[in-house]
Each structure stands twice: as structure tokens, then as C-alpha cells.
Amino acid sequence: MAHELTIRENGMAEMAFTGSRSAIWHGLGQELSEDSPIDVWKVEAGMNWQVRQAPMMFMNADNEPTAVEARKILYRSDNAFQLGIVGEDYKIVQPGQVLEFFDDLTRLHGMKLSTAGTLFGGKHFWALAKTGQKIDVLPGDEVDAYVLLTTSADGTAATQARFTSTRVVCNNTLNIALAEKAKKMVKVTHHREWDATQVKIDLGLLGKSWADFTANMERLTKIAMDEKATRAFYQKIFFNPDKLAEDQALAERRIVDKLMEKAFGGIGSEMSAGTAWGALNGATELFTHWNSKRDPSQQFMDSYTGKHSNAKDKVLAGLLAMA
């Protein structure tokens, strides 16, 4: 599987996207128009199969097949690829259901699917949709809002729906900090039945939450942070507080140095350097495009839902607390 994106035996990559192929992290997948219906997305994203289950068996001492109590195997309906071994109460979310989550949102509420596909042979799958909400934080510095839905069929991850944002000039991603009573992420474990309607209710529409997020971003543009102040801020976030700066581990010192490079010399820094907005974008650029030598699809997932997403959230929280 190239880049851990699922590649079928016929060479088809299980991913579809809208927009420019050059913007996709590996250049693979099927290009679709923004108005393509959900059923077309299922086929072109390679998500037109089912997760099925079977008893987990072993051969006993008498060479007889015997079922393992309270365990079952999940596998793909189209090629019988084993996805995972889970408990008997595990609730399956199907690939098609991930796309169907966006059906009424795209038909009735102006959202547009952006990418969808599967990873690791189908063990993980996702769909990402642009909400239509956008703002110029600074003149020419546009940020767009998205909704991301991810899940797994191998027992390793819950189903998660979250709001994210993308800084267009450099394709940096950041979770949206929503209003106090709203949720920026809804997590549904596989011990509960998947209820798309309830998730939409829990997540809420952007509305005031998006307004609060954009207001916070605009606040950051008005806070001056020169190189000394920016470095001190990054050190506060990423250094071990029990050690002096000169005694920090090499890895932590490198992170701060790389953050400074991005904040004052990264893509779009000519618009944002010297402000808290620039300090945030130093982090979003570094932790979105962490290392070109890494597996690009794992980088994609880390950027949205993993440790690099958490690092960006820490920087944002620190800047907002300071503001």
C-alpha cells in the first residue's frame, strides 16, 4: 500500500478528492466535482464495501475448530481482508455511513465534500467537507472551515467528528476552538450504536462558534510578538519547565528552532510575522507538514487527529490565554 493509502489489486487508490491533484499529499485518488452525489463518492473513494464479522476460531487439541468466546473477526466484504479482532459488543460503523453523514449537509446546508478514503487496507476511513465558512484574518490571508469524520474497523480508534480550519496560503490545519458550550469534537466509541443525527446535534452548527473562532484569530493579529517574545513563548510550551534553557534535550531545542523558522520565514509569514497570529502559524505549518520523509498518509492523520494536532492545540490555547 503506497503511503498506507489503501491500493486495490487493480491499482486503484481508495480515495477521492475535489480541487487540484497537486494539493493532495500524495497525488493519488480519483478527482470529482464538488456536486458529485454521495453514491458516486462511495465508488470513487473506494468506500463501496461493507465491514462484516465472523466468529474467531482456533483448532483445539483434537484438531477441531473451536470458537473463541466474546471475540469476533472483522473483515472486508469485497476481498475478505482481515481488519481487526474485537469484542462481541463492538458496534460497526460502515465506510458508506461516514459519507452518508454528509448527505443532507451537502444537499441542504451548503457543505462540499473535499476528500474521503481509506487507510491500512480499510482499517481506517474518513471524509472531510468544507463548510462554506471562511474569513480573511488579514487581507489576503484566508482561513476556511471544515468538518472531519474519522473512524476505524480494527478496534484502535473511536468514531470522531470535529471542526477544523485550513489556512489557504499554506494548507495548514488547526482544530477550531469553539464556543464554551459547543464541542469542537464528538467521540463515539464502538460500544455505542452510531447515531449520525445525534452527533450532528452534539457537534452543533458552526454559527456562533465560528464567529468566536474568527474573532479569536483576529485578536491574535493585533498582539505584537517580536522574535524574543515568540521564542520565549515556544520555550514555555515545549521546554521541560524543570530545566534551564541550556539544559533542554536536543529534540525540544530543535522544535523551538524550527518553529521560529516557520513563524518568521515560513509560507505566509510576510503577512503574519511579528504577531501572535504569526506564532500560531509557525506551529500550524510545522505540525501540519512535519517531515516530508514521513509516511504522508500518517502525517495527514496526525495533523488532524494525532499528536501533531494536539501540539497545535497547545500553542493555540497558550496564545489565547496570553491574549
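**Group meeting: a predicted chain, its cores and one sheet**

Of the 323 residues in this chain, 48% count as buried. What you have in front of you is a predicted model, so please keep the confidence values in mind.

Let me give those values now. The mean pLDDT over the chain is 87, and 88% of the residues reach at least 70. Which elements sit at the two ends of the range? Helix H1, residues 38–44, has the highest mean among the elements, at 97, and helix H10, residues 296–305, has the lowest, at 64. There is also a stretch, residues 178–182, where the pLDDT is below 50. Leaving out near neighbours in sequence, that stretch makes nine contacts in the model.

Now the overall make-up. The chain holds eleven helices and eleven strands. If you take the contacts with a separation of 6 or more, 60% of them join residues 24 or more positions apart. As for the surface, about 15,400 Å² is exposed, and 50% of that comes from carbon and sulfur atoms.

Next, the interior. The largest nonpolar core has 66 residues. Which of them touch the most other members? Those are Phe 102, Leu 280 and Leu 319. By element, helix H9, residues 276–288, gives this core its largest share, with seven residues.

Take Phe 102 on its own. Setting aside neighbours within four places in sequence, Phe 102 contacts Ile 38, Leu 113, Ala 127, Ala 129, Val 147 and Leu 149. A second core, separate from the large one, has ten residues, among them Phe 17, Leu 119, Leu 128 and Leu 148.

Last, one sheet. As general background, the strands of a sheet pair through backbone hydrogen bonds, and they can run parallel or antiparallel. Which of the two applies here? The pairing is antiparallel, in an open sheet of three strands ordered S3-S4-S5. Strand S3, residues 51–59, and strand S5, residues 82–87, are the edges, each pairing on one side only. From one strand to the next, the twist averages 40°.

Looking at one pair in that sheet, how many bridges link S3 and S4? Eight bridges join S3 to strand S4, which covers residues 65–76, in the antiparallel sense. To find the place on screen, go to Phe 58, which stands opposite Thr 66 in S4.

To recap: the large core has 66 residues, the second has ten, and the sheet I described has three strands. If you look at H10, remember its mean pLDDT of 64. That is the end of my part.

Definitions and conventions:
Residues numbered from 1 in each chain as written. Predicted model: local features only at pLDDT ≥ 70, side-chain atom pairs only at ≥ 80, totals over all residues. Heavy atoms only, no water. Pairing = 2+ DSSP bridges. Helix = DSSP H or I, 4+ residues; strand = E, 2+ residues; numbered from the N terminus. Axes fitted to C-alpha atoms, helices over the stretch in contact; angles between N-to-C directions. pLDDT = per-residue confidence, 0-100. Contact = heavy atoms within 4.5 Å. Buried < 20%, exposed > 50% of the residue type's maximum accessible area, 1.4 Å probe, protein only. Areas by Shrake-Rupley, 256 points an atom, 1.4 Å probe, with all protein chains shown as cover. Core = buried A, V, L, I, M, F, W, Y, C linked by side-chain atoms within 4.5 Å.
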